[in-house]
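Reader: I should like to understand how the interior of this protein is packed. Please take me through it once the structure is on view.

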Amino acid sequence: MKPPLVLKRLMTVSIVMLLLLLAAMLLGLSAGSTGSSLTAVVQTIWGKNDIDPTLAAIIWRIRLPRVLLAALVGATLSVGGLVFQALLRNPLAEPYILGISGGSAIGAIIGILLGVSPFPGVSLFAFIGSMATLLLILMMVSGQTILKRESLLLSGVMVNAFCAAVIMFLVSLTQDSRLHNIIFWLMGDFSMVDARQVAILAATLLPGMILIFWFAHPMNLLLAGKEPAQSMGVHVKAVTVTLLVATSFMVSATVSHSGLLGFVGLVMPHLLRLLLGPDHRVLVPACILGGSTYMVLCDLLARILPEQGEMPAGVITAMIGAPLFIFLMKTSKR
């Protein structure tokens, strides 16, 4: 495909996905216990003089940080799944299934129990946990070729189960008021966030997303295999290590803010690959914007489905992602 055609396709996809994201964010801003129409939300954002000051405070201080956090988390987990699937050449690979998110959660809980600051303290502990998990999985599958894809998935599932056990052990050690907050956070919680935290997270994630888009073409070449990619000038080891470390860092940063959210990195890359094809130059921005939209809508459902209160967004992502994972497992064996 010629570069101008790729650029035109990239612009078209990005504009459409951006419009979908803006529509989802407006819906997310209009949903809440106090209730508000889309018109009132738009007027508040545009700063009309006759707006309700209470509603304006709710939208700017509570709903907008929550919606932006959901968008950032969805973008990161979606593009993280895309990177893992491309580098490991396994369509079922994603941070949650491989245990990377679980390792990050262990690190984050240890940071919380030690009383360190949310940033960079808890985020640093979460990054250490994610890297330790990634290294453990790579060591478990090293030297295997014939069954490597199956071994990778099985190793990830085992590591994920081990991480879940460690998380429950750490939770059982907590006896004070932090116990309820940790459990709710583990299931995917966007409610305990402010604008400053969202700004720090966005500044942390932006370089990683630019880096992943920069390596979109090498990821296309890696789909053909290690040797063909090397013959076309790709430094496979450097690209793989750089992307794995960057992705693990981004996932750990989001987990430390939102808790565990499963299967986002599985649902969106597969859906967008089905709609747009395998070109990562288009898929990377599509996953960033599409993952953001998906997570904002999941959080919206988590808020409006219960008659009283709300449920963690992780419940919605698991209810959608788990059946898809089983479907892909069955189809991949055919």
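Reader: Which residues does Ile167 touch, not counting residues up to four places away in sequence?

Author: This is a predicted model, in which local features need pLDDT of at least 70, side-chain atom pairs count only at pLDDT 80 or more, and totals for chains, interfaces and linings use all residues. Residues are numbered from 1 along each chain as its sequence is written, and side-chain values use heavy atoms, with hydrogens and water left out. Contact means heavy atoms within 4.5 Å; leaving aside residues up to four places away in sequence, Ile167 touches Gly102, Ala105, Ile106, Ile109, Leu186 and Leu260.

Reader: Which helix gives the most to the largest nonpolar core?

Author: A nonpolar core is a set of buried Ala, Val, Leu, Ile, Met, Phe, Trp, Tyr and Cys residues joined through side-chain atoms within 4.5 Å, where buried means under 20% relative accessible area (exposed is over 50%, partly exposed in between; 1.4 Å probe, protein chains only). The largest core has 88 residues, and Ile167 and Leu186 are among those with the most contacts inside it. Helices are DSSP runs of H or I with at least four residues, strands are runs of E with at least two, and both are numbered from the N terminus. With 17 residues, the greatest contributor to this core is helix H3 (residues 53-88).

Reader: How do H4 and H11 lie relative to each other?

Author: Axes are lines fitted to C-alpha atoms, for helices over the stretch in contact, and angles run from 0 to 180 degrees between N-to-C directions. Helix H4 (residues 100-114) packs against helix H11 (residues 236-258) at about 55°, with the axes 9 Å apart. Angles under 35 degrees count as roughly parallel, over 145 as roughly antiparallel, 65 to 115 as roughly perpendicular and the rest as oblique. H4 to H11 is therefore oblique.

Reader: How do H8 and H13 lie relative to each other?

Author: Helix H8 (residues 195-214) and helix H13 (residues 280-304) also have axes 9 Å apart, and their angle is about 155°. Therefore H8 is to H13 roughly antiparallel.

Reader: Which residues of H13 make the contact with H8?

Author: From H8, the contact involves Met209, Ile212 and Phe213. The H13 side consists of Arg281, Val284, Pro285 and Ile288.

Reader: How many helices are there in the protein?

Author: From the N terminus on, every element shown is α, in the order α-α-α-α-α-α-α-α-α-α-α-α-α-α. The protein has zero strands, and its number of helices is 14.
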